Amino acid sequence: MLTLDNLILRQNDFTLRANISLAHGSSTAIIGPSGAGKSTLLSAIAGFLAPSAGRISWQGQDITTCAPGKRPLSILFQDQNLFPHLTIAQNLGLGLSPRLRLSDKDRDTIAQALADTGLTAYAQRKPPQLSGGQQSRAALARTLLRNKPILLLDEAFAALGPALKSEMLDLTGKLTTDAKLTTVMVTHDPDDAAAFCPNTIAVTDGVAHPPCPTQSLLASPPPALRAYLGA
Amino acid sequence: MADRIRSLIPAALAAALLAALVLGTLTAVTIRAGGLGGLSARDLSAIWFTLWQAALSALLSCACAVPLARALSRRRFPGRKLLIALLGAPFILPVIAAVMGLIAIFGRSGSVNDLLQWLGLPTLSIYGAHGVILAHVFFNLPLATRMVLHGWQAIPSERMRLAASLNFPAASIRRHLEYPMLRSTLPGAFLAIFLVCLTSFAVALTLGGGPRATTVELAIYQAFRFDFDLARAAALALVQVAICIAALLVSRVISVAPNFGAGLDRPSILGLAPRTIWPDALCISAASLFLLTPIAVVMMRGVSGLAGLPTTIWQATTTSLWLALASTALTLAIALPLALAAPRHRWAEAAGMLPLTASALVTGTGLFLIARPYVNPTQLALPVTLISNAALCVPFALRILIPQVRGLQMDYDRLAASLDLHGITRLRYVTVPRLARPIGFSAGLAAAFSMGDLGVITLFSDGQTQTLPLALYQLMGAYRLDQAASAATLLITLSFGLFMAFDRMGHYADPR
């Protein structure tokens, strides 16, 4: 279980409160107006922003002060998920060993992950030579190699076209279900939330509300969310 | 938290090293000087000369740069790009070799005086205040031109298009577009050149001297070498530090950012340039002639004698090459950790800029005073030159590296942190590959500077330890001008060679 225990996040004069528990293996969306603090919340879980009060814990273990790379999670950003000067195989290798010291077994694992995401032919290419969709798949393949129980998606596929985005979400859904990952996804698109996440956290008015079933939240949104979602 | 502190250790060490060097020498100088009472009238006139020659050099460089930059910005001709690239060359051109070229053109038997004689006009001498200023303009006109040209190119072409569509006459373009740009660019250019000329040593050593053309740097050298009056040298060094700090403070206050709003990077329009080409053509030809012939003349005279250079010159060359390479390594070892820490920790950048307050001769004097009780300072000629050259290059390396580091951290810090990449691995797989070009460029500048520098070594050398610039200076002093031309050719070639080698290495190592 991922727990945000009376968490208070401050950035300048902006404050966000969260008191939330997410079950192991669940998929949860975070939606809310621009500037409400969706990405701020994710940054805190990932360890890029130190909370001014409260605790973050995973399976009962306090991870509030862990460095980002030591937390039991992987994160995908909207862009810059790959180092453009390293090959795809090296980028994936970083998921297994941050020192890039790879054993033969590691290389087999990388080859398998490349095959799973349809990138076998691109192992020795560099990211700029790949399409946006292929880059996203490579980044996703690396999160699987990292083998961490939590996956955070910060509008990860927002830069892709609609068809490619839903293809990526399907692939992510399949892979995370197989690996039993706990997934948290920031999105702008209520349809993504509906398609991918049974539960949704609404972030409005400085509060990250506990998750509600996505369908009912979208069907009858609270007033602050209604303005954002439109009619 | 412990990781974060550990990652700052290299930067802290580099900062401590620079602080110890700059503040340590300053302390040594202050103690030895025992006040400014020992300064004579001659020293006061050196202070006055330092200030007014720097101001006049900066003024003339800026005044000539404006028409030249305007001509370069609004005309297109074959070789334009090469010419603009060559404007960056004086930074890596060894001062002593360039002075040799200027003497060949403007000296007693130079072509300018030949022409004057033929016309029946009185000849002029390059030695004295006007020679110092001429050389400073030679070195800094290109710098000013690049800064002003950059200003012209930064006027969004949308503004120019608007001006064209409103049928602005030339006077209105000047008033609404060019003057505001110049108002924001020229103070910066003036101050940059003023600062460089304040600490001018090699030019003053070769072309100046005497009561009316001695800079403070040269006065330190003379107090040292001729009078061996260490207290006076130290007092002068204090004055030099005060002048540098005052100038740096002023430049912080005055620097103004141009404000033209954003453009959309549309290609520039040239249609606004006046039809008559000859003023621009004249301007560009005159500047090219002034900047290129001195070097061309030296190299043409020197190239045939290269093989006949005595072995002492080749020994000095080997020494200089080692010195340049070691000093470059030290510059990078100090500058890189500071640059990596600078975006988050202001002290790192401040420490890196400390050497700007101390000139070569000030550092040299301080180190001499510190070393003298323990060892014979002449034995330390090379290590001291190495350290002082490396320290003087750090501010320039930082100015190149910090903006790139900022970009790198903005783009990839979160990713690297989320993958737990740190320490040597991060340096090897992320930092160094991504920064290969700026690292190569700063290494090139540091190597060329150290190869061609004639500064601290003049204080410490006993005549036995020689660098190539020092050997060249002595050949010039002995009027062995053919050998001097060959040594200058060698020096210019090696300085440019080192710069290009490091710069190319940076490009080659860049995996993009």
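The exercises below work through the interfaces, buried residues and salt bridges of a predicted model.

Residues are numbered from 1 along each chain as its sequence is written, while chains are lettered from A and ligands numbered from 1 in the order in which they are written. In this predicted model local features need pLDDT of at least 70, side-chain atom pairs count only at pLDDT 80 or more, and totals for chains, interfaces and linings use all residues, with side-chain values based on heavy atoms and with hydrogens and water left out.

**Exercise 1. The interface of chain A and chain B**

Describe the contact between chain A and chain B by its residues, its buried area and its salt bridge.

Step 1. Contact (heavy atoms within 4.5 Å) joins 22 residues of chain A to 18 residues of chain B.

Step 2. The buried area, that is, the accessible area (1.4 Å probe) that two parts lose on being put together, summed over both, is about 2000 Å², and carbon and sulfur atoms give 61% of it. On the side of chain A, the residues that lose the most area to chain B are Gln80(A), Phe83(A) and His85(A), which together make up 30% of what that side buries.

Step 3. One salt bridge (a side-chain nitrogen of Lys or Arg within 4 Å of a carboxyl oxygen of Asp or Glu) is found across this interface, and Lys70(A) and Asp420(B) form a salt bridge at 3.1 Å, N to O. Helices and strands being DSSP runs numbered from the N terminus (helices H or I, at least four residues; strands E, at least two), α2 (88-96) and α4 (132-146) of chain A each supply at least two residues of the side that touches chain B.

Step 4. That side of chain A has eleven nonpolar, five polar and six charged residues, where Ala, Val, Leu, Ile, Met, Phe, Trp, Tyr, Cys and Pro count as nonpolar, Asp, Glu, Lys and Arg as charged, and the others, Gly among them, as polar.

**Exercise 2. Helix α2 of chain A**

Which residues of α2(A) are buried, and against which elements do the buried residues pack?

Step 1. With buried taken as under 20% relative accessible area, exposed as over 50% and partly exposed as in between (1.4 Å probe, protein chains only), the buried residues of α2(A) are Ile88(A), Ala89(A), Asn91(A), Leu92(A), Gly93(A), Leu94(A) and Gly95(A).

Step 2. Because seven of the nine residues of α2(A) are buried, this helix is largely enclosed by the rest of the structure. The buried residues pack against α3 (104-116) and α4 of chain A.

**Exercise 3. The two domains of chain B**

Set out how domain 1 and domain 2 of chain B meet.

Step 1. The domain assignment (bounds from an automatic or database assignment) gives domain 1 as 1-33 + 309-512 and domain 2 as 36-260 + 274-303, with 24 Å between their centres, taken over C-alpha atoms.

Step 2. In domain 1, 42 residues are in contact with 40 residues of domain 2, and the area buried between the two is about 3600 Å², of which carbon and sulfur atoms give 78%.

Step 3. The rule finds one salt bridge across this domain interface, and Arg301(B) and Asp482(B) form a salt bridge with their closest N and O atoms 3.0 Å apart.

**Exercise 4. Two buried residues of chain B**

Locate Ala443(B) and Gln240(B) and list what each touches beyond four places in sequence.

Step 1. Ala443(B) lies in helix α19 of chain B and is buried, at a relative accessible area of 2%; Ala443(B) touches Thr328(B), Leu332(B) and Phe502(B).

Step 2. Gln240(B) belongs to helix α12 (residues 230-254) of chain B and is buried, its relative accessible area being 0%. The contacts of Gln240(B) are Leu198(B), Thr199(B), Val216(B), Glu217(B), Ser359(B) and Val362(B).

**Exercise 5. A salt bridge within chain B**

Are the partners Arg232(B) and Asp43(B) buried or exposed, and which network do they belong to?

Step 1. The side chains of Arg232(B) and Asp43(B) meet at 2.8 Å, N to O. The pair links distant parts of the chain, 189 residues apart, with Arg232(B) in helix α12 and Asp43(B) in helix α3 (residues 41-74) of chain B.

Step 2. Arg232(B) counts as buried at 9% relative accessibility, and Asp43(B) is buried at 1% relative accessible area.

Step 3. Salt bridges that share partners join these two with Arg42(B) and Asp227(B) into one network.
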